Amino acid sequence: MMPLAMILAGQGASVAGSDRSLDQARLPAKFDFLKASGIGLFPQDGSGITSSEQIVVASAAIEETVPDARRAAELGNERMTRAELNAALFNASRDSIGVAGTSGKSTVTGMIGWILHALGRDPTVMNGAVMKNFVTPQAPFASALVGQGSAYVSEVDESDGSIALYRPGVAVLNNVSLDHMPMERLIQLFGEFIARSGRAVINLDNGEGALLAATMLRDRLVTFAIGSAADLTAINLREQRYGIAFELVGEGEAPIAVTLQVPGRHNVSNALAAIGAAVAAGIPIEDAAQAIQGFLGLKRRFELVGEANDIAVIDDFGHNPDKIAATLDTLHAFEGRLLLLFQPHGYGPLKVMRAELVAMLTDKLGKDDLLVLPDPVYQGGTTRREVTSADIVADIAATGRNALHIPERAAAAAHLVAIARPGDRIVLMGARDDTLSQLAAEMLAQLAH
């Protein structure tokens, strides 16, 4: 909701809103920034809805029992979902680039936004994460960029089916893997998304993506892969602790040396997706490859918070099997024990992902690594608690891997700080809860004492 509010305010709209976190006095710096951006803030008690002329936009987390929703119903306000509003802005733009896939959407969106910005295209970017390249003292929470150019770059969400609202000029499909819903439904949604596009950029390293690519006309398709034949191929990957280098080969082109400031093989794939989108939008491959090397990454995407006494603290958005596996693979390329605190992003996703999550963690955790799970994030509303963190830990521990269930998050963090030793990497993982970044900073400060 925040980047949408920033885009609308930047375009001259009158914007106000409410949030449970505001009422709970959580994340005060974020709300201070919104207020300074000219966005009105109200308690979530209905008091901000004073006229039937207001359009009331709500995220999927807002239930009809919330006072704001009840007040909007009483006054007969026009209602929109977050996705409906974003899709309206996206579809109205002349050059729309939509980024889809189970993993990597925010990073690829940020990469495309940076390429276009660095090359003077002045794009508008709607992202789900803070883009470090655009952070300034005046804009510490730069999850959106408001430009005057014709491009509107946005990640699009499949988790609630709202991807069906978007009509992209360029559609990027990073990958298809299990997260919020059954695979059959995901494949259908992603297939329809690329079919509606002018051109599609698709990852051939992903099996489901490769099958979907086969449904596209060749002149509407840009493909990418690591080490195998595609329109854009990455070869000679060289891992670095907090970056990675590779050579980019375009069809009929000489290899181009690229060094990324973000680490891991998965970020090479993300970079190929972003360069592919830029090429599909008419940018020369050499220009896109040069520009992407200035991309600084996103907050909470393998973000090194700091090091104290030779112990690193990393903040990461990993929350589904693919994302977590990518982070663990990147970390295991270098020496050092991993101490992982993974806060699941809800009871529903935990139920859907249980078998795949356990199988992945059993495979990817090193014998000396430790995984600690607190209870899933819960910020209000109704939910069924059929599968819990304790269930996941029991499944993993039964395989001989080191896993603990410590229900209270603060206690889980304290345990990891207490047992950390030089050479360890502490990694906080989870989605839908920005206070994890605060916790990471607190843990670093404790390690420094």
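The following paragraphs lead through a predicted model, from its open sheet to its salt bridges and one of its pockets.

The sheet offers a suitable starting point. Ten strands, written here in their spatial order, make up an open sheet of mixed pairing: β7-β6-β8-β5-β9-β10-β11-β12-β13-β14. Strands β7 (144–145) and β14 (256–260) occupy the edges, and each has a single partner strand, so one side of each remains without a neighbour in the sheet. Strands of a sheet pair through backbone hydrogen bonds, in either the parallel or the antiparallel sense. The antiparallel sense appears at the β14 edge, where β13 (residues 243–250) is joined to β14 by 5 bridges. Within this pairing, alanine 245 has threonine 259 of β14 as its bridge partner.

Strand β9 shows the parallel sense on both of its sides. Strands β5 and β9 run parallel and are joined by 4 bridges; here glycine 98 is partnered by alanine 171 in β9. The pairing of β9 with β10 is likewise parallel, over 4 bridges, and leucine 173 finds its bridge partner in isoleucine 202 of β10.

The surroundings of β9 can be considered next. In a regular strand the side chains alternate between the two faces of the sheet. In β9, Val170 and Val172 lie on one side and Ala171 and Leu173 on the other; all of them are buried, and both faces of the strand are covered. Two helices lie across this part of the sheet. Helix α6 (residues 105–118) lies across β5 (95–100), β6 (124–126), β7, β8 (151–155) and β9 (170–173), and runs at about 165° to β8. Helix α7 (residues 183–195) lies across β5, β9 and β10 (199–203), at about 150° to β9.

Side chains of opposite charge can pair when their charged atoms come close. The structure contains 13 salt bridges. In one of them, aspartate 315 meets arginine 300 at 2.9 Å, N to O. Because aspartate 315 belongs to strand β16 (residues 311–316) and arginine 300 to the loop between α10 (285–292) and β15 (303–308), the pair ties together parts that are 15 residues apart in sequence. Aspartate 315 is buried, with a relative accessible area of 1%, and arginine 300 also counts as buried, at 6% relative accessibility.

Another salt bridge links the side chains of lysine 367 and aspartate 368, at 3.5 Å, N to O. Lysine 367 is exposed, with a relative accessible area of 66%, whereas aspartate 368 is partly exposed, at 46%.

A further salt bridge joins aspartate 433 and arginine 409, at 3.1 Å, N to O. Aspartate 433 lies in the loop between β20 (425–429) and α15 (435–448) and arginine 409 in helix α14 (residues 409–419), so this pair ties together parts that are 24 residues apart in sequence. Both aspartate 433 and arginine 409 are buried. Through shared partners, salt bridges join Arg26, Arg409 and Asp433 into one network.

The last feature is a pocket. The second largest pocket has a volume of about 210 Å³. Its lining includes Met6, Ala9, Gly10, Phe33, Phe134, Ala144 and Leu145. The elements that give two or more residues to the lining of this pocket are α1 (2–10) and β7. Helix α1 supplies the largest share of the lining, 3 residues. Strand β7 thus connects two parts of this account: β7 stands at an edge of the sheet and contributes to the lining of the second largest pocket.

Conventions: Residues numbered from 1 in each chain as written. Predicted model: local features only at pLDDT ≥ 70, side-chain atom pairs only at ≥ 80, totals over all residues. Heavy atoms only, no water. Pairing = 2+ DSSP bridges. Contact = heavy atoms within 4.5 Å. Axes fitted to C-alpha atoms, helices over the stretch in contact; angles between N-to-C directions. Buried < 20%, exposed > 50% of the residue type's maximum accessible area, 1.4 Å probe, protein only. Salt bridge = Lys/Arg side-chain N within 4 Å of Asp/Glu carboxyl O. 1 Å grid on protein atoms, 1.4 Å probe; cavity = no way out; pocket = protein on both sides within 12 Å on 5 of 7 lines; lining within 4 Å. Points joined across faces, edges and corners; volume = space filled by probe spheres on them.
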